[in-house]
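Hi there,

Here is the structure I promised to pass on. Please have a look at it first, and then read on for what turned up.

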Amino acid sequence: MFLKRNFIAGFCLLILVSCNTTSYAYNEITNEERSKLSIASIDIKFSGIALEDDGFRKLLESSLKNDLRAFNKLGSDTLIVDITRLEFTDSGSAFAIGAFAGGNKIDANVTIVDKNNEELSRFEVAGSYNFGGYTGFFDTEAQVAERFTEEVVKLIN
């Protein structure tokens with residue numbers, strides 16, 4: 001009974017620490033500034049990464065456009081997402097060994113600039129998502145884009 005209880009407790013702890021996102025605002029926007037935001041374009045860059053992932057870029061851009069209240073094609077502001085780290089776990093390994101295959105990681109600097117290219121807000125977002133064995137059953141890149149978008153939306157909306 002003691003062994004079973006420890007196993008269950010350890011498994012629950014593993015699930016809790018497997019997905020986390022942290023963010024730090026260098027220049028946080030006020031509620032008044034949030035209400036005036038009108039993001040017309042989203043620019044996704046890959047800095048310090050050997051290969052750019054156009055598929056992920058499209059997923060992230062689509063996710064941000066759908067979830068940002070401030071997105072307005074007639075607006076004047078630009079959301080710049082500069083991805084500095086992007087790592088995906090192999091779905092075969094994740095399916096075979098679950099959470100022990102490692103996590104999917106994304107780090108980015110996010111900036112909002114106005115039409116004069118002046119910075120309105122800037123923050124960092126770092127995410128580590130370990131979906132475990134379920135990775136074999138869904139699109140990992142889409143899930144990472146969705147989780148990253150959730151954090152950005154929390155900081156902007």
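Before anything else, please keep in mind that this is a predicted model.

**Overall layout**

The protein chain contains 5 helices and 5 strands. Going along the sequence, these elements come in the pattern α-β-α-β-α-β-α-β-β-α. Of the 157 residues in the protein chain, 36% are buried. If you take the contacts in the protein chain with a separation of 6 or more, 73% of them join residues that are 24 or more positions apart. As for the surface, the protein chain exposes about 9300 Å², and carbon and sulfur atoms account for 53% of that area.

**The nonpolar core**

Next, the inside of the chain. The largest nonpolar core is made up of 30 residues, and the ones with the most contacts inside it are Leu60, Leu79, Val81, Ile83 and Phe148. At least two core residues come from each of strand 2 (39-46), helix 3 (54-67), strand 3 (77-87), strand 4 (104-113), strand 5 (119-129) and helix 5 (140-156). Helix 5 is the biggest contributor to this core, with 7 residues.

Leu60 is a good place to start if you want to look around in there. Setting aside neighbours within four places in sequence, Leu60 is in contact with Ile44, Val81, Ile83, Ala145, Phe148 and Thr149. Three of those names may ring a bell: Val81, Ile83 and Phe148 are also among the core residues with the most contacts.

**Ile29 in its loop**

Another residue to click on is Ile29, which sits in the loop between strand 1 (19-27) and helix 2. Is Ile29 buried or exposed? Its relative accessibility is 5%, so Ile29 counts as buried, the cut-off for that being under 20%. Not counting residues up to four places away in sequence, Ile29 touches Arg34, Leu37, Leu120, Ser121, Leu155 and Ile156. You may also want the spacing to Ile112: that residue is 83 residues from Ile29 along the chain, and their C-alpha atoms are separated by 9.7 Å.

**Salt bridges**

Now for the charged side chains. How many salt bridges are there? The count comes to 8, and here are some of them.

- Glu32 pairs with Lys36, with 3.1 Å between the closest N and O atoms. Both residues belong to helix 2 (residues 31-36) and lie 4 residues apart, about one turn of the helix. Glu32 and Lys36 are both exposed.
- Arg85 and Glu87 meet through their side chains in a salt bridge of 3.1 Å, N to O. Arg85 has a relative accessible area of 31%, so it is partly exposed. Glu87 is at 37% relative accessibility and therefore also falls into the partly exposed class. This pair belongs to a network of salt bridges that links Arg85, Glu87 and Asp107.
- Glu119 forms a salt bridge with Arg122, where the closest N and O atoms are 3.6 Å apart. Glu119 counts as partly exposed because its relative accessibility is 40%. Arg122, at 33% relative accessibility, counts as partly exposed too.

That is the tour. Happy to hear what you think once you have had a look!

Best wishes

Note on methods: Residues numbered from 1 in each chain as written. Predicted model: local features only at pLDDT ≥ 70, side-chain atom pairs only at ≥ 80, totals over all residues. Heavy atoms only, no water. Buried < 20%, exposed > 50% of the residue type's maximum accessible area, 1.4 Å probe, protein only. Contact = heavy atoms within 4.5 Å. Areas by Shrake-Rupley, 256 points an atom, 1.4 Å probe, with all protein chains shown as cover. Salt bridge = Lys/Arg side-chain N within 4 Å of Asp/Glu carboxyl O. Core = buried A, V, L, I, M, F, W, Y, C linked by side-chain atoms within 4.5 Å.
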